[in-house]
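Good morning, and thank you for coming. Please look at the sequence and the structure as they appear on the screen, and I shall then take you through some of their features.

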Amino acid sequence: MPTALIVIDAQVDFCPGGRLAVAGGDEIIAPINDLMADYDAVILTQDWHPADHSSFADSHPGAEPFSTVQMDYGPQVLWPQHCVIGSPGAGFHPALAVDVADVVIRKGFRPEIDSYSAFFENDHQTRTGLEGYLRERGLMRVDFVGLALDFCVAWSAIDAARLGFTTRVIEDATRAIDLNGSRAAAREAMRAAGVTLT
Ligand code: VGL
Ligand code: ZN
């Protein structure tokens, strides 16, 4: 079955030294590059926020980074400012083999809503267009790698499984933020949704 490799948010700000660094985030870049040749398509996602994005703690006076607030669409973790449109931190890790990718899906560019998943924004309704892209190309199997396992990778993989794609996460090529047990919770939620963790 035609299979896509979907590389989630392998960006400077999620790697050590970045604004929302995930421990060991840079260690997965070379393994991801090595995987690319095995797939019928390579898709990259890019977290891409305006500087005043509503998911940033700075946009909520008095709020601490990593606290949670209630948005119209549900609970939202407030993050340090990261992946600001056009900033160096929003770029892909310099060693990532971006030339191999067929398409780049940007997400999180609407000021009022965050987007962890590569398919839907956090209201679970606003679509990125990725489902249509995959279906039009007949890519009904998807393997996920990238950052962070417990947020954007997990939400993307769960949506993919719910949408009917045969879905795997290659855990060795991911790293987690692990905020208040979010890594274990995300692994459990992925399994419950029918995602294969390899
Ligand atoms: C992500 C938090 C905020 C991710 C993106 O890529 O997992 N996490 N924005
Ligand atoms: Zn973000």
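A disulfide is defined here as a pair of cysteine sulfur atoms within 2.5 Å. With that cut-off, a search of the whole structure returns 0 disulfides. For Cys15, the closest cysteine sulfur belongs to Cys83 and is 9.7 Å away, which is too far for a bond.

A word on the basis of these values. This is a predicted model, in which local features need pLDDT of at least 70 and side-chain atom pairs count only at pLDDT 80 or more, while totals for chains, interfaces and linings use all residues. Side-chain values use heavy atoms, with hydrogens and water left out, residues are numbered from 1 along each chain as its sequence is written, and chains are lettered from A and ligands numbered from 1 in the order in which they are written.

Next, burial. A residue is called buried under 20% relative accessible area, exposed over 50%, and partly exposed in between, using a 1.4 Å probe and protein chains only. Cys15 counts as buried because its relative accessibility is 3%. Cys152, at 6%, counts as buried too.

I turn to the zinc ion, ligand 2. Which protein residues are its donors? They are Asp47 through OD, His49 through NE2 and His82 through NE2, at 2.0 to 2.2 Å from the ion. Donors are N, O and S atoms within 2.8 Å of the metal (3.2 Å for Na, K and Ca); water is not among the atoms, so sites may look incomplete. Along the sequence, the spacing of the donor residues reads D-x1-H-x32-H. The pair Asp47 and His82 links distant parts of the chain, 35 residues apart: Asp47 is in strand β2 (residues 41-47), and His82 is in the loop between β4 (74-77) and β5 (103-107). Strands (E, at least two residues) and helices (H or I, at least four) are DSSP runs, numbered from the N terminus. Both Asp47 and His82 are buried.

Finally, strand β5 contains Val104. Is Val104 buried or partly exposed? Val104 is partly exposed, because its relative accessible area is 39%. Leaving aside residues up to four places away in sequence, Val104 touches Leu44, Gln46 and Phe92, where contact means heavy atoms within 4.5 Å. Val104 also lies 9.5 Å from Val7, C-alpha to C-alpha, although 97 residues separate the two in sequence.
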